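Visitor: I am new to this structure and would like to be walked through it slowly. Could you show it to me before we begin?

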Amino acid sequence: MDKLKKPTKLTLWEDFIDHEGVKLFKQLHDYPIILARRIAKSSPGKRTSNRFIGLTSKFNTTIEINPPYPQAAELRTWIKTIEAKLFAYKMKSTTPIGSTMLIPFEDDIISVANIQAQPPGQIFNIEAELCLASKEQLFSVLACSNCKQLFTRYNVRREIYCTSCHRSTHLIPRCQFEVTVKDNSGFATAIVSDEIAEKMLHLTSEEIYEICFVKKGTLSLQNVEDQLNGKIFNIQMKKLFTKKLDATQKLSILSYMEKEDVVHEPMASTTVNVTEGKKRTIEHVNSREKEYPSIANKSNPPMKKN
């Protein structure tokens, strides 16, 4: 982050982890300044599974820590003026298990009704209730074991040829279901997937598939309702890019955390559906080890983030 106060994730790969990564980790409490050359943007579809559009190292990247330049000295002076805010942000954006969440430096909460106005690719925060969209929905789908592409037309595990990653692969269970986010201005329907969905149901994808598709049973959802009912959550979302022919607006829930010290009042019954009947799809997200998880993106080894 620089003076614009727009946090960005930097992903380090391979040798950068053992060299620059270790040095940065040891200096994090002092807010080190870096000069990174030949750095790349990370985005879905690259070698990383990171869904945030951030920065990533390449084979020819160079990273200089605390360089002796006037711009670095200027940043150091600025850091001293906002050090208390930086410390608070560090605590807010780091989960108990040490992973990082990409959240706004200064809270910029928008209403659910204002989600439509956000441009594709925009990351934003809302404060809203969370609940299951329906108890009758499917809670498991099959996906490519390599690229996670969904194959909703299948309900039996099998070998397939994936047209997305262009290789033969197997279908594996993927936990996915719809939730509703709601505040006084309106509501929207979204899809929760993978680890965040497993954590919410207190079951793994394999267990959910076994119950729903193999045993043809139903899930016990009372604990999920108890977990979400009557609570307000800080939810970080991202509006995804969609295909030209796809009129459905898609959102991604990047993280959610129960808002503390809230006197909860029931949301007004006059809310409107800001999706205008359209479904909102949520991309692959991860969970943290907490009852009300704050979700960080999934990282595949040997990646480390700073």
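**Strands, a helix and some charged pairs**

Guide: Strand 7 and strand 9 run antiparallel and are joined by five bridges. Two strands count as paired if DSSP finds at least two bridges between them, and helices (H or I, at least four residues) and strands (E, at least two) are DSSP runs, numbered from the N terminus. This is a predicted model, in which local features need pLDDT of at least 70 and side-chain atom pairs count only at pLDDT 80 or more, while totals for chains, interfaces and linings use all residues. Residues are numbered from 1 along each chain as its sequence is written, and side-chain values use heavy atoms, with hydrogens and water left out.

Visitor: Which residue of strand 9 stands opposite A143?

Guide: Strand 7 covers residues 140-144, and strand 9 covers residues 167-183. Across from A143, in strand 9, stands I172.

Visitor: How many of the residues of strand 7 are buried?

Guide: Buried means under 20% relative accessible area, exposed means over 50%, and partly exposed lies in between (1.4 Å probe, protein chains only). By that rule strand 7 is mostly covered, and the number of its five residues that are buried is five.

Visitor: What is the bridge partner of T180 in strand 10?

Guide: Strand 9 and strand 10 form a hairpin with two residues between them, and eight bridges join these antiparallel strands. Strand 10, residues 186-193, is mostly covered, with seven of its eight residues buried. Within strand 10, the residue that bridges to T180 is T189.

Visitor: With which residues is Y154 in contact, leaving aside its neighbours within four places in sequence?

Guide: Y154 lies in the loop between strand 7 and strand 8, and Y154 is partly exposed, with a relative accessible area of 22%. Although Y154 and L171 are 17 residues apart in sequence, their C-alpha atoms are 8.8 Å apart in space. Contact means heavy atoms within 4.5 Å, and with those neighbours left aside, the residues in contact with Y154 are L142, I160 and L171.

Visitor: Why are the buried residues of helix 5 on the same side?

Guide: The buried residues of helix 5, which spans residues 205-214, are S205, I208, Y209, C212 and F213. They lie on the same side of helix 5 because they cover only a narrow range of directions around the axis, an arc of only 100°. That arc is taken from the directions from the helix axis to the C-beta atoms.

Visitor: Which elements are included in what covers those buried residues of helix 5?

Guide: The helix 5 residues in question are S205, I208, Y209, C212 and F213. What covers them includes strand 7, strand 9 and helix 4, the last of these spanning 194-201.

Visitor: Which residue forms a salt bridge with R157?

Guide: A salt bridge is a side-chain nitrogen of Lys or Arg within 4 Å of a carboxyl oxygen of Asp or Glu, and the structure holds five of them. For R157, the closest N and O atoms of the pair are 2.8 Å apart, and the partner is E206. R157 lies in the loop between strand 7 and strand 8 and its partner in helix 5, so the pair ties together parts that are 49 residues apart in sequence. R157 is partly exposed at 37% relative accessible area, and at 43% so is its partner, E206.

Visitor: How many residues apart in sequence are the parts that E127 and K259 tie together?

Guide: The side chains of E127 and K259 meet in a salt bridge of 2.8 Å, N to O. E127 lies in strand 6 and K259 in the loop between strand 12 and strand 13, so the separation in sequence of the parts they tie together is 132 residues.

Visitor: What is the nearest side chain of opposite charge to K231?

Guide: K231 lies in the loop between helix 6 and strand 11, and the side chain of K231 reaches the backbone oxygen of D226 at 3.5 Å. In terms of charge, Lys and Arg count as positive and Asp and Glu as negative, while His and the chain ends are not counted. K231 is buried yet has no salt bridge, and the nearest side chain of opposite charge, 5.1 Å away, is E258.

Methods
Polar contact = N/O pair within 3.5 Å; in protein donor to acceptor, adjacent residues only side chain to side chain.
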